[in-house]
Amino acid sequence: MVGLGETEAEVHELLDDLRTAGTAVATIGQYLQPTRRNLPVTEYVEPRQFERYREYGLAAGFRMVFSGPLVRSSYMADFVDAEARRPAC
C-alpha cells in the first residue's frame, strides 16, 4: 500500500527485500483512509507511478506484479495463486 509518505526508493527497497525472501507475486495499491480515526492519505499516487513500480518489480524478478490505485492484496487471488504455482519456464 502506498500513499502514506513513502519514497520511490523505499518502495524499490521493499520490492528487493521481498524478492530476496523468495516472494513471487506483489500487489501495490493506494492507501485509502477507512475512517477519520485512521491515518490520513498523504499522497494520491499517479497511475504512471504505479506502472513504474510494476515495471521495477518485474525487472527484479517477480512473476507477477499488480500495481494500481484500486489493487488490493486479494486482487485476482485465484488467478494469481494458480499462476504463482505454475513451474517457471
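Keep one cut-off in mind for this tour: a salt bridge is a side-chain nitrogen of Lys or Arg within 4 Å of a carboxyl oxygen of Asp or Glu. The model on your screen is a predicted one.

**Start with the whole chain.** Show the protein chain as a cartoon and trace it from the N terminus: the pattern reads α-β-α-β-α, giving three helices and two strands. The C-alpha atoms fill a box of roughly 45 × 25 × 25 Å along the principal axes. Colour by burial next, and 27% of the 89 residues come up as buried. If you draw contacts between residues at least 6 apart in sequence, 64% of them join residues at least 24 apart.

**Now select Glu6.** You will find Glu6 in the segment before α1 (8-20). Which side chain of opposite charge is nearest to this buried residue? Select Arg52 and draw the distance: Arg52 is 11 Å away, and Glu6 has no salt bridge.

Stay with the Glu6 side chain and look at the backbone around it. A polar atom of that side chain lies 2.7 Å from the backbone nitrogen of Gly3, and the side chain also reaches the backbone nitrogen of Leu4, at 3.0 Å. Leaving aside residues up to four places away in sequence, Glu6 touches Met1 and Val11.

**Next stop: Arg19 and Phe62.** Select both and turn the view until you look down onto the ring. The charged end of Arg19 sits over the ring of Phe62, 5.6 Å from its centre.

**Last, the aromatic rings.** How many aromatic pairs does a search of the whole structure find? The count is zero.

Definitions and conventions: Residues numbered from 1 in each chain as written. Predicted model: local features only at pLDDT ≥ 70, side-chain atom pairs only at ≥ 80, totals over all residues. Heavy atoms only, no water. Helix = DSSP H or I, 4+ residues; strand = E, 2+ residues; numbered from the N terminus. Buried < 20%, exposed > 50% of the residue type's maximum accessible area, 1.4 Å probe, protein only. Lys, Arg positive; Asp, Glu negative; His and termini not counted. Polar contact = N/O pair within 3.5 Å; in protein donor to acceptor, adjacent residues only side chain to side chain. Contact = heavy atoms within 4.5 Å. Phe/Tyr/Trp six-rings, centres within 6.5 Å; stacked < 30°, edge-to-face > 60°. Lys NZ or Arg CZ within 6 Å of the ring centre and 35° of its normal.
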